[in-house]
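Welcome to a short guided tour for a first-time visitor. Please have the sequence and the 3D view open as you read.

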Amino acid sequence: MKLSVNGESHEVNLPEDMPILWTLRDVLGMTGTKFGCGKALCGACTVMLDGQPIRSCSTPISAAQGKQITTVEAVSKDKVGQVIQQAWVELGVPQCGYCQSGQVVSATALLRDNPNPSDADIDNAMSGNICRCGTYNRIRDAIKLAATNNGGVQ
């Protein structure tokens, strides 16, 4: 089976029902995507599939056939992702940091689709990403800052 991850093609011989998360972490050695709940409830495992955030712990690799997987490792190569990461650093968003890769991927997907999100748009887009440290206000502020600094990048 061929997978496209962060713009690179990978040939893997795995069961089609293997979750994308384990393919990324255990087979391809890309450990930026985290295991959280394993039930698609917390968002720690968020990656983009053709630009849309998905939970990689519950999505089989068969669903990624012919599509582009984008992980947190590629976010710094994306102009919107760079602005998000800068805002995250500027506002000191992470505490323990465990959920942050999923948060950054979801925020990047949001701003790519909606460069000027409202509070409701942010809350809706980020509602599937849980932060046990409770940094939700800083996450929202960082997304607003990134949107302000986005400079029309789409």
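Is Cys42 buried or exposed? Cys42 is buried, since its relative accessible area is 11%, and the cut-off for buried is under 20%. Please keep in mind that this is a predicted model.

**The cysteines**

Staying with Cys42 for a moment, the closest cysteine sulfur to its own belongs to Cys37, at 3.9 Å, which is too far for a bond. A disulfide would need the two sulfur atoms within 2.5 Å. By this rule the count is 0 disulfides. Cys133 is likewise in no disulfide: its nearest cysteine sulfur is that of Cys96, 3.7 Å away. With a relative accessible area of 29%, Cys133 is partly exposed.

**The sheet**

Next, look for the strands. There are 5 of them in an open sheet, in the order 2-1-5-3-4, and their pairing is mixed. Which strands stand at the edges? They are strand 2 (8–11) and strand 4 (52–55); each has a single partner strand, so one side of each has no neighbour in the sheet. On average, neighbouring strands of this sheet are turned by 40° against each other, direction ignored.

Strand 3 (residues 46–49) is a good one to follow. It runs antiparallel to strand 5 (residues 68–70), and 2 bridges join the pair. Here Met48 stands opposite Thr70 in strand 5. Helix 4 packs on the sheet, where it touches strand 3 and strand 4, and its direction makes about 35° with that of strand 3. Strand 3 also runs antiparallel to strand 4, joined to it by 4 bridges, and Val47 stands opposite Ile54 in strand 4. In general, strands of a sheet pair through backbone hydrogen bonds, either parallel or antiparallel.

The hairpin of strand 3 and strand 4 has 2 residues between the strands, and Asp50 takes a positive phi there. Two other residues, neither of them a glycine, also have a positive phi: Asn6 and Ala40. Asn6 is in the loop between strand 1 (2–5) and strand 2. Ala40 is found in the loop between helix 1 (20–27) and strand 3, and at 28% relative accessibility Ala40 counts as partly exposed. Here are the angles side by side.

| Residue | Phi |
|---|---|
| Asn6 | about 55° |
| Ala40 | about 65° |
| Asp50 | near 50° |

**Helix 6 and what covers it**

Now turn to helix 6 (residues 136–149). At 1.5 Å a residue, its 14 residues should span 20 Å, and the C-alpha atoms at its ends are indeed 20 Å apart, so the two values agree. Which residues of helix 6 are buried? They are Ile139, Ala142, Ile143, Leu145, Ala146 and Ala147. An α-helix has 3.6 residues a turn, so residues three or four places apart point the same way. Helix 3 (79–90), helix 4 (100–113) and helix 5 (119–126) are among the elements that cover the buried residues of helix 6.

**Two nonpolar cores**

In soluble globular proteins, nonpolar side chains tend to be buried together. The largest nonpolar core in this model has 25 residues, and those with the most contacts inside it are Ile84, Trp88, Leu111, Ile139 and Ile143. Helix 2 (72–75), helix 3, helix 4, helix 5 and helix 6 each give two or more residues to this core. Ile139 is worth zooming in on: leaving aside neighbours within four places in sequence, Ile139 is in contact with Trp88, Val93, Gln103, Met126 and Cys131. Apart from that core lies another, of 13 residues, including Leu3, Ile20, Val47 and Ile54.

**Two last stops**

Ser101 belongs to helix 4 and counts as buried, at 11% relative accessibility. Which residues does Ser101 touch, leaving aside neighbours within four places in sequence? Ser101 is in contact with Gly32, Thr33, Lys34, Ala44 and Val72.

Ala74 sits in helix 2 and also counts as buried, at 11% relative accessibility. Between Ala74 and Gly7 there are 8.8 Å from C-alpha to C-alpha, although they are 67 residues apart in sequence.

Notes. Residues are numbered from 1 along each chain as its sequence is written. This is a predicted model: local features need pLDDT of at least 70, side-chain atom pairs count only at pLDDT 80 or more; totals for chains, interfaces and linings use all residues. Side-chain values use heavy atoms; hydrogens and water are left out. The expected span of a helix is 1.5 Å times one less than its number of residues. Buried means under 20% relative accessible area, exposed over 50%, partly exposed in between (1.4 Å probe, protein chains only). Contact means heavy atoms within 4.5 Å. Two strands pair if DSSP finds at least two bridges between them. Axes are lines fitted to C-alpha atoms, for helices over the stretch in contact, and angles run from 0 to 180 degrees between N-to-C directions. A nonpolar core is a set of buried Ala, Val, Leu, Ile, Met, Phe, Trp, Tyr and Cys residues joined through side-chain atoms within 4.5 Å.
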